[in-house]
Every structure is written in C-alpha cells, then in structure tokens.
Amino acid sequence: MPRGYVDAEGNLHREGTMRLATAADEILPQKDPRVQSNPAYLVVILLSRVVTRLGSLEAINPKVIENLFAADLGYLQDFYNRINSSESRQITITCPHCQQAFSMEPERAGEF
C-alpha cells in the first residue's frame with residue numbers, strides 16, 4: 001500500500017494479501033446495519049472480508065480498514081475492482097521492428 005497501516009504500537013504494515021470476492025462478499029454486507037445507515041461504509045465491510053493478510057496483523061476487521069489512510073483505502077478499492085473485474089485487460093501491440101501484432105496484458109505497477 002502507498003502509506004501503510006499503523007497499528008496501536010506504531011508498527012507499519014504495508015504488504016498483504018487480498019482474495020477474490022465471492023457473491024456473499026458482495027451481498028451480505030448490504031444487511032449490515034452500518035451499511036444500511038451509511039452506504040459509504042460498504043467498502044469498509046467489503047475490504048475487511050477480502051483482505052486476508054496485512055503485514056503481521058493477526059486479524060483484519062472493519063476497525064483496521066476504518067483506520068487506513070485515505071490513499072491506502074483508495075488503493076485497495078482500485079485493486080479490488082481490478083482483480084474482480086470480468087473485463088479483459090488484454091491489449092493489441094504491433095512490434096515496431098517486424099510489424100507483427102500480438103496481445104498482452106499491461107504490467108500492473110505496485111500490486112498489493
């Protein structure tokens with residue numbers, strides 16, 4: 001993550017793991033009273049379900065996600081959308097030397 005999560009002891013956690021979302025990950029948070037009273041809270045619940053590791057933290061929960069820096073929250077939202085998108089990221093490239101066309105996926109800088 002760009003800035004990293006700072007825990008209560010002042011430890012910085014910047015690397016982690018996010019899994020692909022399931023249908024339940026997208027549907028069940030809608031029933032959460034915090035989401036019903038504030039739809040913007042959906043991202044907090046959703047990320048707390050799919051982020052499976054963050055540094056050496058024992059557990060990821062909504063409080064951890066709430067305390068992320070805004071830049072990190074935006075980064076995780078973008079990463080979530082990229083890995084869970086059904087859109088192909090393949091682009092067609094033409095070699096400037098031999099003029100052969102081929103498909104490739106652009107490199108993703110700074111993956112989580």
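Buried means under 20% relative accessible area, exposed over 50%, and partly exposed in between, with a 1.4 Å probe and protein chains only. The model is predicted, so local features need pLDDT of at least 70 and side-chain atom pairs count only at pLDDT 80 or more, while totals for chains, interfaces and linings use all residues. Residues are numbered from 1 along each chain as its sequence is written, and side-chain values use heavy atoms, with hydrogens and water left out.

**Exercise 1.** Determine whether Cys 95 is buried or exposed, and which cysteine sulfur is nearest to its own.

*Solution.* Begin with accessibility: Cys 95 counts as buried because its relative accessibility is 19%. Next, take the sulfur atoms, where a disulfide is a pair of cysteine sulfur atoms within 2.5 Å. The sulfur of Cys 98 lies 3.6 Å from that of Cys 95, its closest cysteine sulfur, and this is too far for a bond. Finally, a search of the whole structure gives zero disulfides.

**Exercise 2.** Describe the surroundings of Asp 72 and find the nearest side chain of opposite charge.

*Solution.* First locate Asp 72, which belongs to helix 5, residues 70–84 (helices are DSSP runs of H or I with at least four residues, numbered from the N terminus). Then list its contacts, meaning heavy atoms within 4.5 Å: leaving aside neighbours within four places in sequence, Asp 72 touches Met 1, Pro 2, Arg 3, Gly 4 and Tyr 5. Last, Asp 72 is buried without a salt bridge, and Arg 3, the nearest side chain of opposite charge, is 6.3 Å away; a salt bridge needs a side-chain nitrogen of Lys or Arg within 4 Å of a carboxyl oxygen of Asp or Glu.

How values were computed:
Lys, Arg positive; Asp, Glu negative; His and termini not counted.
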